[in-house]
Amino acid sequence: MTLTAQDLLFYILGGLSLASALGVLLMTNPIYSALCLALTMVSLAGLYASMQAWFVAGVQLIVYAGAVMVLFVMVLMLFDLKSEIKAFSRGAVAGFMKLVAVGLMTGAFLAAIYNSADTLLGTSLAAHVDGTVSTKALAQLLFGKYVFAFEAMGVLLLIIAIGAVALSRIEGGTHADE
Amino acid sequence: MSSGALLPVLILAVMVLTFGALLIVGTGLLGPRKVIKSAAKEMPYECGLPGQETKDTKVSVRFYLTAILFILFDIEIIFMYPWAIQYMDSLKDGSGGYMLGVMGVFVGLFVIGLIWEVKSKALDWK
Amino acid sequence: MPQIQLGLGVDSTETIINVIKMFALFLLMVQLVPLLVWVERRGSAFIQNRYGPNRVGPLGLLQLLADAVKFLFKEEFRPKKGVAFMYYFAPIMALLPGALSFASIPLSVPITLQGENWGPYNFVLQGYDLGIGIVFILGISSLGVYSLLMAGWGSSNKYSLMGALRASAQAISYELALSLSLVGILMVYGTFSFTEIVAQQQGPLTFNFMGQQQVWSFLPNWGIFYQPLGALLFFAATFAEANRLPFDLPEAEGELVAGFHTEYAGFKLLMFYIGEYGHMLVASCLLATFYFGGYNIPGVTPAEVTAFFASYVGEGNLSQILTAVTYHVSLLLRVLLFLWVFIHVRWTLPRFRYDQLMDLGWKTMLPWALFNACATAVILWLFQS
């Protein structure tokens with residue numbers, strides 16, 4: 001049995017992403033949870049890169065690990081929810097909702113795996129994909145076949161930008177006096 | 001650039017983390033043994049006054065707004081990257097005008113967003 | 001016992017050399033810090049009509065060694081209210097972005113060494129070539145914010161927290177201008193790979209004008225001639241990313257004591273500085289690679305340089321190594337020049353106020369970077385058709 005660099009990477013990064021994802025759930029302090037989630041994002045980026053999806057890995061690193069999770073960590077650190085460590089509510093209704101959410105999530109994952117199993121199992125990884133070449137192929141698809149989805153996403157981002165500003169300017173709320 | 005090309009990055013990351021951890025442990029071992037502990041020394045740093053550390057610091061909402069807007073613009077910019085490296089090839093095979101139009105619309109939306117942020121004073125720090 | 005193939009080289013010798021090379025690159029970054037601190041202290045002393053450190057060793061050069069030893073033997077201290085894990089992990093994290101980015105930048109031409117009963121080994125003077133260099137560096141450096149936030153929160157001090165908050169808001173704001181200013185470079189070169197970008201900057205200035213190729217042989221084919229505005233924006237944004245004056249608001253001592261590292265002392269503080277100088281080093285290397293021809297020497301090709309050395313020492317490994325060293329020095333000269341600019345600017349420009357800083361990032365540099373990208377696209381389109 002030979003262990004290639006590819007296998008090693010898979011085991012290391014897979015283990016890391018699983019462990020940190022568990023950490024998100026098991027940590028009682030929300031800040032550690034958020035940091036664990038950031039680590040999950042980084043190891044996912046590593047997994048993408050080990051599957052030769054270089055640009056997707058970069059986007060995962062820049063957008064999720066470097067932007068979205070930074071916002072999470074920033075907000076959590078500044079509110080410092082020490083008194084609200086039990087922020088995750090307990091109760092019959094909440095428990096039921098949690099079960100429903102977990103069930104939906106599991107169903108979605110199983111469906112995704114079931115539907116893609118045929119295409120995934122048949123294909124093997126190319127030994128060598130150049131990041132620039134594959135990104136150019138991505139660009140041809142994105143700006144050719146899927147150009148309307150791309151422009152629609154531009155509109156969506158614009159709406160979010162306007163919405164975020166509008167929300168932040170609402171008067172009142174818990175800290176209205178400041 | 002083979003399929004294991006990421007491995008050196010991991011190796012280097014582990015090296016750097018070990019190096020840093022060793023230094024921190026090392027300074028702990030090398031430092032003076034007899035350490036004078038006092039309440040004043042272990043207090044959070046403050047300029048002469050007793051520290052008034054309240055835990056629920058209120059921070060301007062602008063910091064969060066900045067972070068949210070950063071995420072949005074970051075996503076828009078990252079979409080320009082595949083476009084940018086494809087652009088020269090498209091110019092050579094004649095579809096450059098189309099590519100320019102596609103990105104023109106997208107950048108137009110970007111500019112509208114940016115103008116909105118500036119006009120609505122969301123980016124003012126006064 | 002499974003057999004492990006690391007894929008780092010054709011045999012174990014090359015693998016070992018490649019691993020050692022990576023660590024050597026990291027040490028190169030670390031050892032540059034005391035040297036730069038000396039240059040900074042000495043240089044700023046001369047700018048301010050002082051002497052600076054000149055007692056320990058020749059020109060005060062051993063001062064840095066003495067400082068490092070002092071840092072090592074300082075008392076271990078942790079604020080009682082602080083969070084131990086965050087407090088200790090933040091300075092270690094500060095080392096990562098600089099080290100990982102620096103290792104992905106090519107420092108010289110690749111060489112092939114061969115002996116009678118070994119080789120041929122292909123060596124690149126860079127830790128690893130991922131092929132998507134620019135995206136990798138942007139991704140890795142965006143992780144630097146975590147170190148700041150962890151330091152600020154782990155110290156449980158309001159100055160640290162405010163400093164960390166300012167620093168991270170500043171870092172993410174200028175990251176936009178930084179990544180947008182690189183779009184022009186990507187358009188001109190059409191690749192993410194540093195090696196490719198440097199290779200394209202060889203030879204005289206060549207461009208298409210109205211469908212006809214123009215060659216200006218009196219200028220080198222450097223990125224600065226295609227992207228002057230992009231270069232300026234990139235350079236300015238890297239100052240903010242490295243928290244250097246005039247953008248060192250996070251540690252504005254008049255307001256925030258020392259910012260996010262208020263509670264740090266000894267080697268832990270030094271590790272933040274290693275991170276900061278690592279940022280400067282990476283920024284200077286990138287500036288040279290994107291806009292100033294990388295390791296290229298104007299007027300000659302690597303093959304000519306190898307032939308020149310071969311005429312003195314004969315064909316073979318020695319001429320290859322001499323070529324690599326020459327090209328490395330060529331890059332190093334530019335990098336040192338930019339590092340000096342970093343230091344000189346510190347004593348030339350005053351610090352911004354925080355609202356001015358955010359205004360500059362969002363309302364001035366971001367629109368100009370956008371303009372640069374649009375103008376590049378339109379001009380390329382006009383010139384090509």
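Mentor: Helices (DSSP runs of H or I, at least four residues) and strands (runs of E, at least two) are numbered from the N terminus. This is a predicted model, in which local features need pLDDT (the predictor's confidence in each residue, from 0 to 100) of at least 70, side-chain atom pairs count only at pLDDT 80 or more, and totals for chains, interfaces and linings use all residues. Residues are numbered from 1 along each chain as its sequence is written, while chains are lettered from A and ligands numbered from 1 in the order in which they are written.

Trainee: How many helices and strands are there in chain A?

Mentor: Read from the N terminus on, the elements of chain A run β-α-α-α-α-α-α. The count for chain A is therefore 6 helices and 1 strand.

Trainee: How far apart are the end C-alpha atoms of helix 1 of chain A?

Mentor: Helix 1 of chain A has 22 residues (5-26), and at 1.5 Å a residue (times one less than the number of residues) these should span 32 Å. The distance in the model agrees with this, since the end C-alpha atoms are apart by 31 Å.

Trainee: What arc do the buried residues of helix 1 of chain A cover around the axis?

Mentor: In helix 1 of chain A, the buried residues (20 or more other C-beta atoms within 10 Å of the residue's own, against 12 or fewer for exposed and in between for partly exposed, with C-beta atoms placed from the backbone) are Ala5(A), Gln6(A), Leu9(A) and Leu13(A). They lie on the same side of helix 1 of chain A because their arc, taken from the directions from the helix axis to the C-beta atoms, is only 90 degrees.

Trainee: Which helix of chain B gives the largest share of the side that touches chain A?

Mentor: In all, 42 residues of chain B are in contact (C-beta atoms, placed from the backbone, within 7 Å) with 49 residues of chain A. Two or more residues each come from helix 1 (7-30), helix 3 (61-92) and helix 4 (96-119) of chain B. The largest share, 19 residues, is given by helix 3 of chain B.

Trainee: How many residues does helix 13 of chain C supply to the side that touches chain B?

Mentor: Here 68 residues of chain C are in contact with 56 residues of chain B. Elements that supply at least two residues of this side include helix 1 (12-47), helix 10 (266-291) and helix 13 (354-384) of chain C. The largest share comes from helix 13 of chain C, with 14 residues.

Technical notes:
Contact = placed C-beta atoms within 7 Å.
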